[in-house]
Amino acid sequence: MAVPSRHILLCILLSLAPLFAVQVRAAQVVFITAEARADSQWPTIDALCDFYGLTCDARSPSQEPNSPDADLRGTLAVIVRASALSPPAGQVDARVLWERIRGSRAQVLVLSDAPLLLSLPDAAIPVNFIAVSKGLSSWQITQGNRQVTRELTGVSRTVRKGASPTAIVLDAGGRSELAPLMSVQSTDDVWHPSYVEFRDAERSIFFAAISHLSRESLDISASGDESGFIDLAPILTFLRFAGGQYCWHRDSDYANLTIDDPWLVEPYGCLSYRRLLAEMQKARFHTTIAFVPWNYDRSDETVVAIFRDHPEFYSICIHGNNHDHWEFYKYSTTPADPWPAKPLAVQEINIRQGLARMEEFSRLTGLGFDPVMVFPQHVAPAETFGVLKRYNFLATANLTNVPLDLEPPGDLVSHLRAFTARYANFASVARHLPAGRSRAQIALDLFLDNPVLFFEHHTLFREGIGAFNKTAEMVNSLQPAVQWDGLGTIAQHLYLERDRPDGDCDVRMFCRSIDLVNDREREQTCFIEKEETSDVPIRRVLVNGAAHPYAISQGRLRLSVAVEPHRPRRIEIQYEDRFQASQVDISKNDRRINRLRALSDFRDRTVYRHKSLRWMVDSYYATGLYRLGLMKTAILFGVFAVALAAGGWKLARRTRRAAFRRRTSALSVKQE
Ligand SMILES: [Zn+2]
């Protein structure tokens, strides 16, 4: 679309003006500490403020009270080191500093990572940060204030043995005005508060005892060791509470279970679509089938009808094309690689054929599918993300959101966000096995407004079709308003929003198409941004189906949209895409792939339904035998079977001979 240049200019000015406005305002978060930016906590506080989209600054308490820098008007949150409020005699007057902090409208968090008795100038609340000699065995976020701890409320976890992440706690002296928000248990079974709220008639003051936050202690979303919660939770929850709607956030939470591989036949191995529907209705969740496009022409009409009648419970996304093992592996390999190379051109052919097969699947069944790619086996390299973008996919969801050929970002907080558009500006979301996800990690995802994505295979239901119910119920209890939906809908809600001081809102878009909702009671202008390196030409940008002006500068696409209350707006970027499904050969003419799919069917639909044979399949994968390929594994099984038969025959012969000897010796005794 040819967009008038004055519209573009207006768009740029609209986008940039508020940025300048923000820069001249006071920092939204101020960290007061004797070392200012040299303080060991500053990198973490700075990174978390950036994560939330809050401006922040570190200041020394010695700054002149009347200097413009010391002004706290407009500041939402002050984090102050307890030591700055309790300086050695003869140094800065703590009373002046405290009055300045309390005189502002900011929420206040006082923290310490060293023992210290703090008597605040208003003398109402002496707080003792003390060291405990024992290690820590568990932690718990209390029911103290759900407005602060949100979905993390009530979550608890044991501490990994030897982790001993902090030995500083608070001695609240049993005073009721100090309400614990988080408590830790030492190995002698004593509970100590580590994060408390002092309830003042006017405004609360928060206190937190923490140790040194490190990259490792923050990395709790993936590590499986959530000891870092003890350090992370106070600052994370305090900033979210104090920043409120000015923090990057999303008003709704989403969740999904994806089952990889099945095609639409009843049952598929351990999965009965009919019985799973009843479980979803009972426990309230949604299942997406990551569908292998090769299966496009063999759907069972009864299963198709279940999908057609229950779109709120079942949906379909794309799972590779042929599922030829690691179908989107490295573009080039070394002899050490377990799989052959899959050049980018081959991967693109598979993406095209997969799409064309899914179009045919839709034509045959009348069922839609979400253009969301779940890569078979594991995630693809980064350039493949760019191919998905070019074919107007919405997103990709895999065990990690980082492409195969890249290292995860080394910064402190990127891993807290389950979704990113950092790679080819294409939406990539992390998903997890239910068994590997603790209640604390799920609660953290909900707290951070990450979509809660689970995935498994039909084997999830090997012990019963209700196998996922407990997990779904846990998610629903942590956030009763969570919306279970398909991956397409979830992709279209991959955006973050925040209020601006002028009353309008900023939106950061991660997926090329989003459904924006304004929950306020008045119209808002939303200033929308998306990372965009222009590697794929943009055909047009639509707002509710109509072309809309936009501008691209400094790697970002920008547009502004007026959004009326409670009226969703679909913002959609369409890339140039000359793909025509009808021109792609979708026939199944590769005998190797056909054989592979037949064997997969045999494994999932025949072998797996017999409990006594499951061990064979399980050990095939558990021992890594699958890496040998089918032929070598078959030979190995053959050799093993022959050896077993030979051994059995020898044993039987030896047993027969021994029995014969016993019989003959018994006879000779009788004859005697
Ligand atoms: Zn798969």
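**Strand pairing in the predicted model**

Strand β6 (residues 126-131) is joined to β9 by 4 bridges, and the two run antiparallel. Helices (H or I, at least four residues) and strands (E, at least two) are DSSP runs, numbered from the N terminus. Two strands count as paired if DSSP finds at least two bridges between them. The model is predicted: local features need pLDDT of at least 70, side-chain atom pairs count only at pLDDT 80 or more, and totals for chains, interfaces and linings use all residues. Residues are numbered from 1 along each chain as its sequence is written.

Within the β6-β9 pair, Ile130 has Val169 of β9 as its bridge partner. Both strands belong to an open sheet of 3 strands, ordered β5-β6-β9, with antiparallel pairing. Its edges are β5 (116-119) and β9 (168-171), each of which pairs on one side only. Neighbouring strands of this sheet are turned by 20° against each other on average, direction ignored. Axes here are lines fitted to C-alpha atoms, for helices over the stretch in contact; angles run from 0 to 180 degrees between N-to-C directions.

Parallel pairing occurs further along the chain. Strands β15 (residues 314-318) and β16 (residues 370-373) share 2 bridges in the parallel sense. Ile318 stands opposite Met373 of β16. From β15 the chain passes through helix α9 (residues 344-365) to β16, in a right-handed β-α-β crossover. Right-handed means that, with the strands pointing away from the viewer, the path from the first strand over the helix to the second runs clockwise.

Strand β16 also runs parallel to β17 (residues 395-398), again over 2 bridges. Here Val372 stands opposite Ala395 of β17. With helix α10 (residues 382-390), β16 and β17 form a right-handed β-α-β unit.
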